[in-house]
Amino acid sequence: MKVLIPGVSGILGRMVATRLVSQGHQVVGIDRRPWRDAPEGVEMHEVDIRKRAAEDVFRKQRPQAVIHMATVTHLAAQTEERYRINLGGTRAVFDHCRTFGVEHAIFVGRHTYYGAGADSPLYHVEEDPPMAVSTFPGLADLVAADLYACTALWRIPELTTSVLRMVYTLGKTGHGTLASYLRGLYVPSVLGFDPLFHFMNERDVVTAICLALEKRIRGVYNVAGPQPVPLSVVVRATKRKQVPLPEIIFSAALGRFGLPRLPPGALAHIKHPVVIDAAAFRAATGFQYEVDEVAAMEEFATAFPILPRS
């Protein structure tokens, strides 16, 4: 099968492309970032998914499937630029899928779509609304991209659309929001709160995406691996030091005293859990994770050790 991957140069994009090539698929990659050492079987195009050159790739290659991974998750980018990339890029991908007869499109989203709040259900199901737009406005562009991808289910009925809402990743690549939060020695938390964090190893994420392609599932699916873990346990298992702070000074201390920088909206995600029910995805694909929560945390701790101070 010929599979086109927008966002292929990202860490997960490279892992998915490499896995698909090993399974015998032909992979076409689109990304503004280069991938100089792409393996044989991956044809790279260094173009912006929103530009005419990307449309030309769709026109010439005529892929059977598209795995859309070209979204910006880091919050350092300006809001306007994030909207252009996340929402504009997603719209371009689905427009090209419809125009050039793509059979299957997979949108790789995030479980933070559901948002975190004191009154949120412990386990979110796919029908739950996107409360992230009110609890964390900085995620509004990712929520908008997810919702736009969902509209393809009725706008383009001839296209098999899979919307995957993935939990945090944690492992030796150090990829993702949770890994960035845990990168330093000191991990800040809000005094009196110990929320559950839901994550899975990046190798299992790749397996889940490839299974969604293989099974050609249609619809919206939460994707998770092992059970969620309290923040205090994550900090200890990754050999970090937890720094509980009163909420009134939490935001002021971030980015100082060796603490990571977090946007103001992240406070809700440090206080309350975002946990998902992935039963529907397991039933549709037969997915089983290989790396449990303990092994994932140990793998991260080994890859990113805290060096002793000199």
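**Cavities, helix α5 and selected residues**

About 50 Å³ of space lies in the second largest cavity of this predicted model. The lining of this second largest cavity is formed by H111, Y168, P195, L196, F197, H198, H269, H272, P273 and V274. Of these lining residues, 6 are nonpolar and 4 are polar, with no charged residue present. In total, the structure holds 2 cavities of 30 Å³ or more.

The largest cavity encloses about 70 Å³ of space. Its lining consists of F107, G109, R110, T112, Y113, L139, L142, V143, A145 and D146. By residue class, this lining comprises 6 nonpolar, 2 polar and 2 charged residues. At least two lining residues come from each of β5 (104-110) and α5, and α5 gives the most, with 4 residues.

Helix α5 covers residues 140-155 and has 16 residues. From its first C-alpha to its last, α5 reaches 22 Å, close to the 22 Å expected at 1.5 Å a residue. Buried positions in α5 are A140, D141, L142, V143, A145, D146, Y148, A149, C150, T151 and A152. Among the residues that line the largest cavity are L142, V143, A145 and D146, and these four are buried. In an α-helix, residues three or four places apart point the same way, because there are 3.6 residues a turn.

R155 is also located in helix α5. With a relative accessible area of 22%, R155 is partly exposed; the value does not fall under 20%, so R155 is not classed as buried. Apart from neighbours within four places in sequence, R155 is in contact with F94, R98 and Y148. One of these partners, R98, is separated from R155 by 57 residues in sequence, whereas the C-alpha to C-alpha distance between R155 and R98 is 9.5 Å.

H96 is found in helix α3 (residues 79-99). A relative accessible area of 10% places H96 in the buried class, because that class takes in values under 20%. When neighbours within four places in sequence are left aside, the contacts of H96 are with I49, E55 and F58.

The cysteines were examined for disulfides, with a cut-off of 2.5 Å between sulfur atoms. The count comes to 0 disulfides. C97 is in no disulfide, and the nearest cysteine sulfur, that of C150, is 15 Å away. C97 is buried, with a relative accessible area of 1%. C210 is likewise in no disulfide; for C210 the nearest cysteine sulfur is that of C97, at 17 Å. The relative accessible area of C210 is 5%, and C210 is therefore buried.

Backbone geometry was considered next. Most residues other than glycine have a negative phi. R216, although not a glycine, has a positive phi of about 50°. R216 is found in the loop between α7 (202-215) and β12 (219-223). At 39% relative accessibility, R216 counts as partly exposed. A positive phi of about 65° is found at K239, which is not a glycine either. The loop between α8 (231-237) and β14 (241-245) contains K239. K239 is exposed, with a relative accessible area of 61%, because the exposed class takes in values over 50%.

How values were computed:
Residues are numbered from 1 along each chain as its sequence is written. This is a predicted model: local features need pLDDT of at least 70, side-chain atom pairs count only at pLDDT 80 or more; totals for chains, interfaces and linings use all residues. Side-chain values use heavy atoms; hydrogens and water are left out. Buried means under 20% relative accessible area, exposed over 50%, partly exposed in between (1.4 Å probe, protein chains only). The expected span of a helix is 1.5 Å times one less than its number of residues. On a 1 Å grid over the protein atoms alone, a cavity is a set of points where a 1.4 Å probe fits but cannot get out, and a pocket is an open set with protein on both sides within 12 Å along at least five of seven lines; lining residues have an atom within 4 Å of a point. Grid points are joined across faces, edges and corners, and a volume is the space filled by probe spheres set on the points. Ala, Val, Leu, Ile, Met, Phe, Trp, Tyr, Cys and Pro count as nonpolar, Asp, Glu, Lys and Arg as charged, and the others, Gly among them, as polar. Contact means heavy atoms within 4.5 Å.
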